[in-house]
Structures are given as structure tokens and as C-alpha cells.
Amino acid sequence: LEGELMGDRWVGAPLADDPGADVPTPPRWLASEPDDAALGRVRWRYKLKTYERFDLDNILDHPHPMFEVLQRCMRPLVLGMTRDGTATVTVDDPTRCDWSEGERLGITMEEMVYHYLWYAEFQYSDMMNPVQNCTKNVSIIDVANMDFSYLRGDKKRLASVLAKFFETHSPETNLTTFIVNTPGWFNWMVWPIVKLLLNKRVLA
């Protein structure tokens, strides 16, 4: 799973069959590539194929046998709603994962990625509602307890895989992101790197 989530695979990637000209490209995929509608459609077909291959649209219908074990080392996202009900809110603390406990339990990177995706699908399926105009998310990332260990190794790798997945497969769903309680070194060491990794539209 992890290998399939990493990297830019749109060119030469397995794509879902094009449903035909009578099926329009969903608006958020057109918005993700405002200067190239054809690329927006390719990205949409890539997402469809990826979700089909891993059955991610039905992830909540399958047993999650590692749920209780993963809960022992990974606290879930805090999910909520804006007061006007037009957006979900996630409060994420990157340091909430007990890496030493995960290592003791033999938790793999793939299992951690699956757990994150399970929560993301739960959020979308149970809280986001296009009919009620609730299709966006406000993300609050609390880095008060972050230290230099999150800039290397598996901690950095997990963040990179997840960021790439959501940037690729969930465009135009993030309303805004607040990074709070940042230590001083975050601004001159982490943020310059983040700005280089994100595409201009996501950064904006």
C-alpha cells in the first residue's frame, strides 16, 4: 500500500476507464488544475483506479482487525464541525503517536497508513455531507511537542506518505490549515522545507 501512495504516478499510471464525455469531471478535480482540464480529469481517473485497487471507498465495510492494537499507540484525530456546519474540523497532534509502543507491538508503516486512511474515510462518510454543503475541512495541527526527531526516519516518512496521499487524492477539500504552538526552530527549519514540497495551489 505504502509504495502505491508515494510519488507522482499520473503519467503512465493505471487509470480507471474514462466513463465517457457524457460524464463530466467532478468540479473539485477541475478546480485542482484550473489551467488544464484534461489533467484534472486524468487525476480524477487515477484517484478512481487507486481507490478501486485498494477498495478504499468501502474501507469502513471491512473488518479493521488491528483497530484495538493501533489504538494503543495511535490516538485518533479529534473530529468536529465549524459552528455554521459548513466544514469539518480536525485537530491533529503529530506527536500523539507512541512510536516506542508501536515498535514494541510490531506495528508496520503500512498498518499506520491504513489506520489514518480509515479515520479519514470515517470523517468523510459520517460528517461531510455535500447535500448540506459540507465538503471542506479546517485542519489544526498542534506541534507544541514536536522535536527534531520528527524531521528524520519513520516519523518524517509517515508524514510524507500521508501528505502525498491527501494532496493527490483529496484536492480542494482543505479549507485552510492552522499550524499552532510552533517552536521557534519550526519557522526557520521546517516551514521552508514544507513550502518547497507543497504545490503552489495547496500552499495558497
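Modeller: The expected span of a helix is 1.5 Å times one less than its number of residues, and I will use that rule on this predicted model.

Colleague: How do you know that helix 8 reaches close to its expected span?

Modeller: Helix 8, residues 184–197, has 14 residues, and from its first C-alpha to its last it reaches 20 Å, which is set against the 20 Å expected at 1.5 Å a residue; by the rule of 1.5 Å times one less than the number of residues, the span is therefore close to expectation.

Colleague: What makes you speak of a kink in helix 8, and where does it lie?

Modeller: The kink is placed at Val 190, shortly before the proline Pro 192, and amounts to about 40°, a bend taken as the angle between axes fitted to the seven residues ending there and the seven starting there.

Colleague: Which residues of helix 8 are called buried, and why?

Modeller: They are Trp 185, Phe 186 and Val 190, and they are called buried because each has under 20% relative accessible area. These buried residues pack against strand 4, residues 174–180, and in the protein as a whole 35% of the 204 residues count as buried.

Colleague: Why are strand 1 and strand 2 called paired?

Modeller: Pairing needs at least two bridges, and strand 1 (residues 78–81) and strand 2 (residues 87–92) have 4, in the antiparallel sense, so they qualify as a pair. Met 81, for instance, has Thr 88 in strand 2 as its bridge partner. Between the strands of this hairpin lie 5 residues, and Gly 85 takes a positive phi near 75°.

How values were computed: Residues numbered from 1 in each chain as written. Predicted model: local features only at pLDDT ≥ 70, side-chain atom pairs only at ≥ 80, totals over all residues. Heavy atoms only, no water. Helix = DSSP H or I, 4+ residues; strand = E, 2+ residues; numbered from the N terminus. Buried < 20%, exposed > 50% of the residue type's maximum accessible area, 1.4 Å probe, protein only. Contact = heavy atoms within 4.5 Å.
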